[in-house]
Amino acid sequence: MKDDHEWLAERFEEHRGHLRAVAYRMLGSVSEADDAVQEAWLRLSRSGADGVANLGGWLTTVVGRVCLDQLRTRTARREDPLGVRVPEPVVSPADAAGPEQEALLADSVGLALLVVLETLTPAERLAFVLHDLFAVPFDEIAPLVGRTPAAARQLASRARRRVQGTAPAADTDRARQREVVDAFLAASRGGDFEALLAVLDPDVVLRADAGDAPEGVSKLVRGARAVVEQALAFSRVAAFARPALVNGAPGLVTARGGRPFSVMGFTVAHGRIVEINILADPARLRGLDLTLLDD
């Protein structure tokens, strides 16, 4: 016969995948999302589920509160609020196949959306993620942000306008996306200026986040010609790049000697690359699951 703790643990495991999805969209970090989910379990194990009619909803709001506190702490510590920050991507093998993998990828949130979410205030991000992405009612969101339901609705509305006005809508044909990314890689390797221009949208945006590396390594670049210059610089290490799925979309992982030094996520719209997000922060790269690099 199961004791109360074992029963509670089983109920929690039923919700773990959902809670992890909420936390990742809130924090843009796989490791921090796992920590938030673990904190939710600790709170549940201490308090129990007595009197909780909807355990899934209760856990979702607990994770939301934990993530909100983490975002507020992160914002307070950030010395340069305008610095380039690329969220931690979810990386999968380029040839990932099968129903389980397809289901995982179908639930992936695009890296471009996560980048926009990074620009929101913690309260706006919470309201948008919980309501727009997970259909949590505003009367349940309001207590988390210390606002009325109407004010919480306004937070989500502001965030929605930012997302709709900034996050590019990607093509849905993954095979076509892969063709475009492969063409970018081939042109980079060959140092082909014109071929690179052909696959880039004129208003393409490139973000490179190198963490605490020397000033100038992290950068935000706009416009096809400026991005081509960066791609030509990338040609020196492009030979070490290999295809991967980055948050469910075709991307590249670059590594030498089995040690990754960049993950590149691409957003392809209308057959051209409109956004490139590069994580090159050694500290955060070490925390990623990049077993696809294993031979």
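**Exercise 1.** How many aromatic pairs does the ring-centre rule give in this predicted model?

*Solution.* The count comes to two aromatic pairs. Let's take them in turn. Phe12 and Trp41 sit 5.4 Å centre to centre, with 50° between the planes. The centre cut-off is 6.5 Å, and stacked needs under 30 degrees while edge-to-face needs over 60. With 50°, Phe12 and Trp41 therefore count as tilted.

Now place the two rings along the chain. Phe12 belongs to helix H1 (residues 4-27) and Trp41 to helix H2 (residues 30-47), so the pair links parts of the chain 29 residues apart. Both Phe12 and Trp41 are buried.

**Exercise 2.** Classify the pair formed by Phe184 and Phe266: stacked, tilted or edge-to-face?

*Solution.* Start with the numbers: 5.2 Å centre to centre and 65° between the planes. Since 65° is over 60, Phe184 and Phe266 come out edge-to-face. Next, the location: Phe184 is in helix H9 (residues 174-190) and Phe266 in strand E6 (residues 259-269), 82 residues apart.

Last step, the surroundings. Buried means under 20% relative accessible area. Phe184 has 2%, so it's buried, and Phe266 is buried because it has 5%.

**Exercise 3.** Does the span of helix H3 (residues 55-77) agree or disagree with 1.5 Å a residue?

*Solution.* Helix H3 has 23 residues, and the expected span uses one less than that number. That gives 33 Å, and the end C-alpha atoms are 33 Å apart, so the two agree. While you're at the start of H3, look at Asn54: one of its side-chain oxygens comes within 3.3 Å of the backbone nitrogen of Gly56.

How values were computed:
Residues are numbered from 1 along each chain as its sequence is written. This is a predicted model: local features need pLDDT of at least 70, side-chain atom pairs count only at pLDDT 80 or more; totals for chains, interfaces and linings use all residues. Side-chain values use heavy atoms; hydrogens and water are left out. Rings of Phe, Tyr and Trp (its six-membered ring) pair if their centres lie within 6.5 Å; planes under 30 degrees apart count as stacked, over 60 as edge-to-face and the rest as tilted. Helices (H or I, at least four residues) and strands (E, at least two) are DSSP runs, numbered from the N terminus. Buried means under 20% relative accessible area, exposed over 50%, partly exposed in between (1.4 Å probe, protein chains only). A polar contact is a pair of N or O atoms within 3.5 Å; within protein, one must be able to donate a hydrogen and the other to accept it, and residues adjacent in sequence count only if both atoms are side-chain atoms.
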